[in-house]
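Biologist: I am new to this structure. Please show me how to read its main features, one at a time.

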2 protein chains.
Amino acid sequence: MPKIQFWYEFASNYSYLSAMRIEALAGDHGVDVAWKPFLLGPIFAAQGWNTSPFNIYPAKGRHMIRDMERTCADRGLTFRLPEPFPQNSLKAARLAVIGADEGWAPAFTRALFALAFGEGASLDDAVLAQALAIAGQDAEAMMLRARNADIKARLKQQNEQAQALGIFGAPSFITESGELFWGDDRLEQALAWSLR
Amino acid sequence: MPKIQFWYEFASNYSYLSAMRIEALAGDHGVDVAWKPFLLGPIFAAQGWNTSPFNIYPAKGRHMIRDMERTCADRGLTFRLPEPFPQNSLKAARLAVIGADEGWAPAFTRALFALAFGEGASLDDAVLAQALAIAGQDAEAMMLRARNADIKARLKQQNEQAQALGIFGAPSFITESGELFWGDDRLEQALAWSLR
């Protein structure tokens, strides 16, 4: 079964759109998904940005809000931007790195995105614990484990890999043949490409 | 018949994608198109950019090229980026402003985009004349006319209107109810919205 890499960032609203549909859509195509949480912060910093481009360019930010409202309504999703935006997603990404190894990243990721962008929740410890519980995990134990040096190193390595792959935004999709697709709009095209 | 405004820039590769399909697609939806050429330069300058973001952010630029190659192949279009990129589109936009008044903007716009992004042609006088001829116009007379002060003023006014409408990139689509959609990816959604 062909495999597609799904690179996503918990602070990214467009990653929310893809996270909520990728597994079902990839399943329809007969494509397997590798969940790749990462942090956009270091990549944006390398581009000279210290926050989201939606904050740096207000007209773009206003359009993003309206675009999300329209697209979420079309897809039967709720939408509320967490404040402040973007949230600090470091702990969430470390947890998802563990989840990707152990198979519960999809459930955890969907639960956390639904809280963060469906309800506007902050990525604080209580919300992370709630998402872990929804994914069937022992929240307290997992949050302790996410502080381990090996998990921190794993996420750092994953970020370096993202940058080396030419990823500059989220969500991004990479096929086995190495094609990079950026943006939720390109998910269908990326899946079709995976089958070539 | 509902009307949608199509805001486009001759130096913008994603405007090429929309220009080649909007009339047929809008026709299928029963929507009329108002062709609105404008210049991104002043809008980018207001955002602190002195060139295309695809030049400022090289990883984004590399993805754009590949994305255009893939999407044009899917749509049966050729693709070649004119050099240097972006081209100076001032004269082209002035001509299209006349064409929008007189009804030949669609034919001229498609002809010029096909030359510029289908074949990589520069937006120089010979190429503008070729596109005018394809659109059935007297090229020499029209290029003289485009130098008139009233045409220059009309384009300037149109640029100011774009900025006042919150347009920050191209292509953009605006429905009669005032909804702004950015990007060729949003054309279908914008047309569906026009029918609400």
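Biologist: How is chain B laid on chain A?

Modeller: In general, two copies of a chain are related by a rotation about an axis and a shift along it. Here a turn of 180° with a shift of 0.0 Å along the axis lays chain B on chain A at an RMSD of 0.0 Å. That is the relation of a two-fold axis. The superposition is by least squares on the C-alpha atoms of residues with pLDDT of at least 70 in both copies.

Biologist: Which C-alpha of chain B is nearest the axis?

Modeller: That of Asp185(B), at 3.3 Å. Before we go on: this is a predicted model, in which local features need pLDDT of at least 70 and side-chain atom pairs count only at pLDDT 80 or more, while totals for chains, interfaces and linings use all residues. Residues are numbered from 1 along each chain as its sequence is written, and chains are lettered from A and ligands numbered from 1 in the order in which they are written.

Biologist: How many residues of chain B are in contact with chain A?

Modeller: Contact means that the C-beta atoms of two residues, placed from the backbone, lie within 7 Å. By that rule, 13 residues of chain B are in contact with 13 residues of chain A. Two elements of chain B give two or more residues to this side: helix H5 (58–75) and strand S4 (180–182). Helices (H or I, at least four residues) and strands (E, at least two) are DSSP runs, numbered from the N terminus. H5(B) provides the largest share, five residues. As for the two copies, 100% of the contact residues of chain B recur in chain A, so the same surface serves both.

Biologist: How are the strands of the sheet in chain B ordered?

Modeller: Strands of a sheet pair through backbone hydrogen bonds, either parallel or antiparallel. In chain B, an open sheet of four strands has the order S2-S1-S3-S4, with mixed pairing. Two strands count as paired if DSSP finds at least two bridges between them. S2 (32–37) and S4 of chain B stand at the edges with a single partner strand each, so one side of each is left without a neighbour in the sheet.

Biologist: How many bridges join S1(B) to S2(B)?

Modeller: Six, and S1 (residues 3–8) of chain B runs parallel to S2(B). Trp7(B) stands opposite Lys36(B), which is in S2(B).
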